[in-house]
Amino acid sequence: MTELKDQIDRSKLPNHVAIIMDGNGRWARERGSHRIFGHQNGITAVRETVEGAGELGIKYLTLFAFSKENWCRPKEEINSLMSLMISTINSETETLIKNNVRLLIIGDMQSLPDHIRNKLNEVVDITGSNKGLTLVIALSYGARWEIADAARRIAEDVAEGKIKKDAIDEAAFSEYLVTRHIPDPELLIRTSGEYRISNFLLWQIAYTELYFSPALWPDFRKEHLYTAIIEFQKRERRFGKTSEQLNCD
Ligand code: IPE
Ligand code: IPE
Ligand code: MG
C-alpha cells in the first residue's frame with residue numbers, strides 16, 4: 001500500500017494548518033493518572049506535528065495550547081502547564097533554530113506571568129529571521145477577547161483621527177487582530193472527538209475546512225496529520241460559488 005505521506009499532493013498543500021490540541025486529561029484518566037501526565041505526554045505529539053508539518057513544507061502551523069477560559073482550571077493544573085511551557089521552550093529552542101522554525105505567539109501576553117512572557121519574547125526574537133515553518137502558539141488566547149480588543153483599539157484610533165470610520169472594512173479590521181501577519185488557516189484540526197471550536201480563531205476560520213480526529217492529543221502522530229491533509233485535499237472549497245464557477249476564470 002502507498003505510504004500515507006505519498007498520498008499527499010504536494011502541489012495542493014494547505015498553507016496554514018491550525019490545531020486544537022484536545023484530550024490530554026482523558027488520555028491521562030484512561031491510564032489512571034493525573035491530568036498533568038496527559039499534558040506532559042502531549043509534548044511528543046507537538047514535536048511530531050511540528051516536524052511533520054515542516055517536512056511537508058507547510059508554511060504556518062498554529063497550535064492552541066491554552067485558552068483564556070483555561071485560566072479557570074484548578075490552580076495546580078495551571079501551574080504545571082506553565083512550568084511545562086517553560087521547560088519545553090527551553091529544551092526545544094535549539095531544535096527550532098536547527099530546523100529553521102520561526103516562533104510566534106498569539107494571545108493576551110499581558111495575562112501571562114512575567115518570566116514566561118519574557119522567555120517567549122526571547123525565543124520569538126531569536127527565531128525571528130528563520131525562513132522555514134512559522135510555528136504559532138496560541139497562549140491565553142480567546143477569539144472573542146481578540147475581536148473585542150480589536151474593536152476597542154479601532155475605536156481609539158477613530159477618536160484620535162488615525163483611521164476614518166468609513167475606512168473600517170474587513171481588511172482594515174483584520175489589521176487589528178493578533179493574526180494580522182498570519183494568513184487564515186485552510187485546515188483546522190481538532191482532536192479528541194469533540195465537535196466544537198471553543199473560542200478559537202472565530203474571525204479567521206470563516207472559510208476554513210474543519211477536520212475532527214477521534215485521537216486524543218498525546219496519541220497524535222505524523223500519520224494523523226497526513227490523514228487530515230489527505231481528507232482536506234479531497235474537498236471542494238467553493239467560497240460561496242457553484243462548482244461550475246470554480247472551473248472558469
Ligand atoms: C487539552 O487537553 C489541553 C488544554 C486545554 C490545555 P485537555 O486538558 O482539555 O484534556 P481533556 O479535554 O480534559 O481530555
Ligand atoms: C480548547 O480545549 C482549548 C485548548 C485546546 C487549548 P478545552 O478542553 O479547553 O475546550 P472545551 O472546554 O472542551 O470546549
Ligand atoms: Mg479539553
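## Ligand 2 and its contacts

In this predicted model, an N or O atom in the side chain of Arg196 lies 2.8 Å from an oxygen atom of ligand 2. The protein covers 77% of the 390 Å² of accessible area that ligand 2 has on its own. Two other side chains make polar contacts with ligand 2. For Asn70, an N or O atom of the side chain is 2.9 Å from an oxygen atom of the ligand. For Arg190, the distance from a polar side-chain atom to an oxygen atom of ligand 2 is 3.3 Å.

The residues that surround ligand 2 are Ile20, Met21, Asp22, Phe64, Ala65, Phe66, Ser67, Asn70, Arg73, Arg190, Arg196 and Ser198. Strand S2, residues 60-67, gives the most to this shell, with four residues. By class, the shell around ligand 2 has five nonpolar, three polar and four charged residues.

## Ligand 1 and its contacts

Asp22, which is part of the shell around ligand 2, is also listed around ligand 1. A polar side-chain atom of Asp22 lies 2.8 Å from an oxygen atom of ligand 1. Backbone atoms take part as well. A polar backbone atom of Gly25 is 2.9 Å from an oxygen atom of ligand 1, and a backbone N or O atom of Gly23 lies 3.4 Å from an oxygen atom of ligand 1. Of the 380 Å² of accessible area that ligand 1 has on its own, the protein covers 86%.

The shell around ligand 1 is made of Met21, Asp22, Gly23, Asn24, Gly25, Arg26, Arg35, His39, Ala65, Asn70, Arg73 and Leu81. Helix H1 (24-30) and helix H2 (35-56) each supply at least two of these residues. The largest share, three residues, comes from H1. The shell around ligand 1 divides into three nonpolar, five polar and four charged residues.

## The largest pocket

Which pocket does ligand 1 sit in? Ligand 1 sits in the largest pocket, and the space taken by ligand 2 is the largest pocket too. This pocket has a volume of about 1000 Å³. Of the 44 residues that line it, the closest to its centre are Met21, Val46, Phe64, Ala65 and Phe66. Met21 and Ala65 also appear in the shell around ligand 1, and Met21, Phe64, Ala65 and Phe66 appear in the shell around ligand 2.

Several elements give two or more residues to the lining of the largest pocket: H1, H2, S2, helix H3 (75-98), strand S3 (102-106) and strand S4 (134-141). The lining of the largest pocket has 21 nonpolar, 12 polar and 11 charged residues.

## The second largest pocket

The second largest pocket holds about 280 Å³ of space. Its lining consists of Arg102, Leu104, Ile105, Ile106, Gly107, Trp145, Asp149, Arg153, Val178, Arg180, His181 and Ile182. S3 and helix H5 (143-159) each supply at least two residues of this lining. S3 gives the most, with four residues. S3 is also among the elements that give two or more residues to the lining of the largest pocket.

In terms of residue class, the lining of the second largest pocket has six nonpolar, two polar and four charged residues.

## An enclosed cavity

How many cavities of 30 Å³ or more are there? The count comes to one. The largest cavity has a volume of about 40 Å³. The residues that line it are His16, Thr62, Ile106, Val136, Thr179, Ile182, Pro183, Asp184, Pro185, Leu201 and Gln204. Among them, Ile106 and Ile182 are listed in the lining of the second largest pocket as well.

The lining of the largest cavity divides into six nonpolar residues, four polar residues and one charged residue.

Notes:
Residues are numbered from 1 along each chain as its sequence is written. Chains are lettered from A and ligands numbered from 1 in the order in which they are written. This is a predicted model: local features need pLDDT of at least 70, side-chain atom pairs count only at pLDDT 80 or more; totals for chains, interfaces and linings use all residues. Side-chain values use heavy atoms; hydrogens and water are left out. A residue is near a molecule or strand if one of its heavy atoms lies within 4 Å of it. A polar contact is a pair of N or O atoms within 3.5 Å; within protein, one must be able to donate a hydrogen and the other to accept it, and residues adjacent in sequence count only if both atoms are side-chain atoms. Accessible areas come from the Shrake-Rupley method with a 1.4 Å probe; for residues, only the protein chains shown count as cover. On a 1 Å grid over the protein atoms alone, a cavity is a set of points where a 1.4 Å probe fits but cannot get out, and a pocket is an open set with protein on both sides within 12 Å along at least five of seven lines; lining residues have an atom within 4 Å of a point. A molecule sits in a cavity or pocket if more than half of its atoms lie within 2 Å of its grid points. Ala, Val, Leu, Ile, Met, Phe, Trp, Tyr, Cys and Pro count as nonpolar, Asp, Glu, Lys and Arg as charged, and the others, Gly among them, as polar. Grid points are joined across faces, edges and corners, and a volume is the space filled by probe spheres set on the points.
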